[in-house]
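Let's walk through this model together, one question at a time. Have the structure open as you read.

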Amino acid sequence: MNYLHEVILSVGIDIGTSTTQLIFSRLTIENQASSYMVPRINIVDKEVIYRSEIYFTPLRSATEIDAEAVKRIVREEYRAAGITPEELKTGAVIITGETARKENANEVLSALSDLAGDFVVATAGPDLESVLSGRGAGTDVLSKQRRITVANLDIGGGTTNIALYEKGNLRGTCCLDVGGRLIKVDNGRISYVYPKIQALAKAHGIEVQVGDRAYPEQLYGVCRLMAAQLAQALHLTAADGQHAGMYTNDGRALPPQPAVQAVTYSGGVADCIYQKMENDVFRFGDVGVLLGKAIRADPDLSRVELCQAAETIRATVVGAGTHTTEVSGSTIRYERSKLPIKNIPILKVSPEDEASLETLKASIIQQMPLFTPEGKAEQIAIAFTGEKRTSFAEVQALAAAVIKSAKEVIQGPYPLIVVVENDIGKVLGNALNVLLEHKKDVICIDGIKTLSGDYIDIGEPIAGGQVLPVVIKTLIFNS
Amino acid sequence: MNEKDLRTIIEQVLAEMNAGGSAPAAACCAAPAGEASQVEEGCIPDITEIDIRTQYLVEEPENGEEYAELKFNAPCRLGIGKAGARYKTLPQLEFRAAHSAAQDAVFNDVDEEFVKAQGLFIVQTQCDCKDTYLTRPDLGRKLSAEAVATLKEKCKKNPTVQIYVADGLSSASVAANIPDLLPALLQGLQSFKIDVGTPFFVKYGRVGVMDEISELTGADVTCTLIGERPGLITAESMSAYIAYKATVGMPEARRTVVSNIHRAGTIPAEAGAHIAEIIKIMLEKKASGTDLKL
């Protein structure tokens, strides 16, 4: 395999509670195997080459995003960067924080992903957001290099997304309603209070109402309560009576182990933590500066090492632009004309069900109705690990089992898509092709880890057709 | 002598022993424990089953956990401790076991029954025995007169692709990989609708014999699946050497290689599918080796 490397352009667009941002990055893809071995193609370098200005997210009303204004921002930034949508091979548009709860969020996402480029995918969801901001902040790399457990807290306007990494491996995510713009201040008066924060303050004897005069000391007190909630989320101190209610959409907490040893901060509030900000604490029209100060001063959060994040306010957008795309294994089987494909729900066979071909078949048959509303087959991808089924005979039996249990897909109009972790993509793809007598398009990729409930996007081939760019999305919205 | 015959003989001997000495045996069993040798159920652990990537034997390490994690990335004989200036007993035995496996792989012949079970007939190079094979590489690159006649008789003429298997320097590799590698390769070619000649096995074969086979069969592409020289990590590694219109005396650079095919490297079934695609590209570009950009 003589080809050396290929550079592809990727975009990240983040429409958050308070800010909208865009970055372009260059992903370098290289074959790391020597020339007489089966290729092993990986993304070896990621470099941000353009950062947009940071815009306030345009809203038409409290419940609606101003889609036209967002599109205008995107178009102008593409022009300023001198990049056309056609040049982009991959990327992600992500709606985060409170903005994801807006009525037209989905609509805006799909409109933008079409505008942004062919294989720029739309995505959202607090788990993914935590992961993207953690990677954008460089927390995964930090924990890997220093061999410690590090949490990144991405503190934005509406939410705090936490991702916990142990020696480079993700150990948990969570999302809390703690943010800089949950209390807004206008002309010295409180103009907005998020009900949960109001309740949190009240539980500790602090009354904050819209229309009240904004006293820095009083609001600092509220911010200290929010900071304490973050310390509880990291298990640095015992949870109080309010804590369970602080998670977004009744989400879950971080696992208590591994114990966090260091923290990084990203998001808009991060700069208010890393740097001391004096003078007007309400200069941004919110309590971000006070929240940063409260976090810096929190006795429990101070018990773990504070590390510098690689990105602060841009962590999520950098994560979306540079860390969402992975590449498939380099021995795979696909039909070029069927790519790219986007937003395909994954029918995952659990590792336990994979243990025997009978339970594998039963699992696919049982789950199929979930993906065929009103009996009509939709495009799906069938996924399993393929662990231990590596002999030729076992692969043939596996292919036969898939064909037998996925009748709806085989009779339907869409290609048969199979996603496996283990390196058997090509031989399994061949087996499916031969068993189906080439009468059905088959896309069979390996090297990709999936979970039940995930969605997958598969792009057009890169690296001389040897690999496919893939984006795995954890959930489209948290509903 | 086959296994069944052997079993019959052993049964006979045992029966004779029992007939002559049943009384002393009973006395032995009645003896107090500890005085007589004891027979326990179970087996001695097979040291070749140990995955050396997970083996860490240093006593009182500064940071053993980190070393073990680092070591997991590659099958190397590091972090195995020492006894004075020497290896510990277990690593020493493992080393010798690996070395023996390598020697066996080179010196043993591939089981002919196994080869036939794969649907392959057998031809031989001009080497008459293993010693000649190891000492005369030139003879391992030439077919015997009988082999030439057999191939002329049995092989399909001018196929698009000619595939054959050779023992090379590892008979263990043939046994370990061919049952998965060969059918996956044939299926891959079938799925591309590429015509394949009659596959066979070459005993005492070196890579270079493919040139003569290519000329003899008139194939566009010739592909040999051959046992690699064994190492101490695996004795089962296999390579595929593939060439477009190979001719005797052509430069070595015209061969394309896919190496490191074994269960801990590129798994044989997936490698077969990969090689099929390389052959497809080779046929399209009408080139191989350094002339072919994959």
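The questions below go from the contact between the chains to the sheets and the domains.

This is a predicted model, in which local features need pLDDT of at least 70 and side-chain atom pairs count only at pLDDT 80 or more, while totals for chains, interfaces and linings use all residues. Residues are numbered from 1 along each chain as its sequence is written, and chains are lettered from A and ligands numbered from 1 in the order in which they are written.

Q: Which element gives the most to the side of chain A that touches chain B?
A: Residues are in contact here if their C-beta atoms, placed from the backbone, lie within 7 Å. The contact takes 19 residues from chain A and 23 residues from chain B. Two or more residues on the chain A side come from helix 12 (392-405) and from helix 14 (425-435) of chain A, where helices are DSSP runs of H or I with at least four residues and strands are runs of E with at least two, numbered from the N terminus. The most, six residues, come from helix 14 of chain A.

Q: Why is helix 14 of chain A called oblique to helix 7 of chain B?
A: Axes are lines fitted to C-alpha atoms, for helices over the stretch in contact, and angles run from 0 to 180 degrees between N-to-C directions. Angles under 35 degrees count as roughly parallel, over 145 as roughly antiparallel, 65 to 115 as roughly perpendicular and the rest as oblique. Helix 14 of chain A and helix 7 (residues 171-191) of chain B have axes 9 Å apart and pack at an angle of about 55°. That angle makes the pair oblique.

Q: How do the residues of the contact of helix 14 of chain A with helix 7 of chain B divide into nonpolar, polar and charged?
A: Helix 14 of chain A brings A:V427, A:N430, A:A431, A:N433 and A:V434 to B:A184, B:Q187, B:G188, B:Q190 and B:S191 of helix 7 of chain B. Ala, Val, Leu, Ile, Met, Phe, Trp, Tyr, Cys and Pro count as nonpolar, Asp, Glu, Lys and Arg as charged, and the others, Gly among them, as polar. The division is four nonpolar, six polar and no charged.

Q: Which strands stand at the edges of the open sheet with the order 1-3-2-4-5-6 in chain B?
A: Strands pair if DSSP finds at least two bridges between them. This sheet has six strands with mixed pairing. Each edge strand has a single partner strand, so one side of each is left without a neighbour in the sheet; they are strand 1 (121-124) and strand 6 (256-261) of chain B.

Q: Which residue stands opposite A:A151 in strand 14 of chain A?
A: In chain A, five strands form an open sheet in the order 11-10-9-14-15. Strand 9 (residues 149-155) and strand 14 (residues 262-266) of chain A pair in the parallel sense over five bridges. Opposite A:A151 stands A:V263.

Q: How far apart are the centres of domain 1 and domain 2 of chain B?
A: The bounds, from an automatic or database domain assignment, give domain 1 (3-106) and domain 2 (112-291) in chain B. Their contact takes eight residues from domain 1 and 10 residues from domain 2 of chain B. Taken over C-alpha atoms, the separation of the centres is 36 Å.

Key. Two residues are in contact if their C-beta atoms, placed from the backbone, lie within 7 Å.
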